[in-house]
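I set out to record how the strands of this chain are arranged and how its cysteines are placed. The entries below follow the order in which I looked things up.

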Amino acid sequence: QVQLVESGGGLVQPGGSLRLSCAASGTIFSIDNMAWHRQAPGKQRELVAVLTSGGSTTLADSVKGRFTISRNNAKNTVYLQMNSLKPEDTAVYYCNADLRTTYWDPRRAYWGQGTLVTVSS
């Protein structure tokens, strides 16, 4: 069984910073893409950042220049460094990993439970 557990959310003032972490644990053979998504109240979930196993990065236009995604493959962990936070960044942030649990199994998407980020003065 695979679990993704996010941490690092909280309340921060506009212009502040937060660092989110997401650790994958359980039976894991390999991890391909790791990503962060977010869902604001009353809105659809949107992709924030993706980091492939090869190191390629994709960021949403709304966070370019402010957010950075990184990963520690040895720890099966992905991070989201969020700087210059704005009230519109308020949302529940979810991590996602595309991974295989064994050599024979197909790649599947796994999701964390989400962590709330609130940007407010």
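My notes begin with the basis of the values, then turn to the sheet and the disulfide.

**Basis.** I worked from a predicted model, in which local features need pLDDT of at least 70 and side-chain atom pairs count only at pLDDT 80 or more, while totals for chains, interfaces and linings use all residues. I numbered residues from 1 along each chain as its sequence is written, and side-chain values use heavy atoms, with hydrogens and water left out.

**Sheet.** I found 4 strands (DSSP runs of E, at least two residues, numbered from the N terminus) forming an open sheet in the order β1-β3-β8-β7, with antiparallel pairing. I took two strands as paired if DSSP finds at least two bridges between them. The edges are β1 (2–7) and β7 (67–72), each of which pairs on one side only. From one strand to the next, the twist averages 15° (axes are lines fitted to C-alpha atoms, and angles run from 0 to 180 degrees between N-to-C directions).

**β1 and β3.** I then examined the pairing of β1 with β3 (residues 18–26), which is antiparallel over 6 bridges. Q3 has S25 in β3 as its bridge partner.

**Disulfide.** I looked up how many disulfides (cysteine sulfur atoms within 2.5 Å) the structure holds, and the count is 1. C22 and C95 form it, with their sulfur atoms 1.9 Å apart. C22 lies in strand β3 and C95 in strand β9 (residues 91–100), so the link joins distant parts of the chain, 73 residues apart.

**Burial.** I checked whether these cysteines are buried (under 20% relative accessible area, 1.4 Å probe, protein chains only) or exposed (over 50%). C22 is buried at 0% relative accessible area, and C95 likewise counts as buried at 0%.
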